[in-house]
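Subject: Structure handover and notes

Dear colleague,

Here is the structure I said I would pass on. My notes on it follow below.

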Amino acid sequence: MEKLSNPKETIQVLQKYEFQFKKKFGQNFLIDPHVLDKIVDAAQITKEDFVLEIGPGIGTLTQYLCEHAKQVLAVEIDAKLIPILKETLAPYDNVEVLHGDILKQDIQQIADTYNEGKPIKVVANLPYYITTPIIMELFESHVPLANVTVMVQKEVADRMKAEPGTKDYGALSLAVQYYAKPYIAAFVPPNCFMPRPNVGSAVIRLDCLSRVPVEVQDEKLMFRLIRASFNQRRKTLQNGIANSPELDYTKEEAAKAIEQAGFDVRIRGEKLGLSEFAKLADELEKMRE
């Protein structure tokens, strides 16, 4: 069969199986070979690599991954796509399809089984509403990862890469940059998908750090602090901490910790980087001790 990056081939496959796009799975299939090449290049896939693909759809990107990787495991949540994948991936002997929800899989076990526990590469063209939970689950479970290359909404890619003080900077920027170095590989217009989404997309590679960039006594407290400071973006950091349902500090305690950390009590969270949030979390921890 011809590659699925040919839109005619995609239409034929969808018609043959009478496939209906499901809104709940946010299904948009790629139909541009140049974008598929860019994803494979961005992920830096070689014949040495095991690749975990999340959300293969009908197998368009999977075909390209199979041609470049040693082995591919594609995890697909939609049962209707499993027979289609069996057909479209039949020419490749280095791929396995697993029907299931990626958030319910044991990724550590996958790495152990398929890659002897060595760092794996993850590639995904994900429904946008589930992108962040999946990426954060991968990072927070501390499974061995080399990099994660995903197609996301353009504004989400901008937020992942944003620096302190910019309009896109927020809790997502800090969460991603705590675990990885983001690199935007390509911007992708809506006409590269079937059906067309209403927004522009971007391919972003997250190069996983071998160690976290800051030392902090309580990682969970730091991230509660980060969320509190961006939940009410226009308020001062002091008010954000005092008003947060996740934190148990008075306005006075917040002010004291901010000053002890060496910051102006009127500062807003959007001005702080990871090292400053780590410093502040340690001051709050000290206060409780």
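Salt bridges come to 14 in this model, which is a predicted one. The cut-off behind that count is a side-chain nitrogen of Lys or Arg within 4 Å of a carboxyl oxygen of Asp or Glu. Side chains of opposite charge can pair when their charged atoms come close. I went through several of the bridges individually.

One of them joins Arg 266 and Asp 264, with an N to O distance of 2.8 Å. Arg 266 has a relative accessible area of 62% and is therefore exposed, the cut-off for exposed being over 50%. Asp 264, at 38%, counts as partly exposed. Elsewhere, Asp 248, Glu 253 and Arg 288 form one network through salt bridges that share partners.

Another bridge lies in helix 7, which covers residues 154–161. Here Lys 154 and Asp 158 pair at 2.7 Å, N to O. The two residues are four apart in the helix, so about one helical turn separates them. Lys 154 is partly exposed, with 35% relative accessibility.

A further bridge connects Glu 116 with Lys 118, at 2.9 Å from N to O. Glu 116 is exposed at 67% relative accessible area, while Lys 118 is partly exposed at 39%. Glu 116 also has a positive phi, near 55°, and it follows helix 5.

That leads to helix 5 itself, residues 107–115. At its start, a side-chain oxygen of Asp 106 comes to within 3.2 Å of the backbone nitrogen of Gln 108.

Which residues of helix 5 are buried? They are Ile 107, Ile 110, Ala 111, Tyr 114 and Asn 115. Viewed down the helix axis, these buried residues fall within an arc of 100°, so they line one face of helix 5.

What do the buried residues of helix 5 pack against? Their partners include four strands, listed here with one helix:

- strand 2 (50–54)
- strand 3 (71–76)
- strand 4 (95–99)
- strand 5 (120–125)
- helix 6 (131–140)

To put the helix 5 region together: Asp 106 contacts the backbone of Gln 108 at the start of the helix, the buried residues line one face, and Glu 116, with its positive phi, comes after the helix. Glu 116 is also the residue that meets Lys 118 in a salt bridge.

Regards

Notes. Residues numbered from 1 in each chain as written. Predicted model: local features only at pLDDT ≥ 70, side-chain atom pairs only at ≥ 80, totals over all residues. Heavy atoms only, no water. Buried < 20%, exposed > 50% of the residue type's maximum accessible area, 1.4 Å probe, protein only. Arc of directions from axis to C-beta. Contact = heavy atoms within 4.5 Å. Polar contact = N/O pair within 3.5 Å; in protein donor to acceptor, adjacent residues only side chain to side chain.
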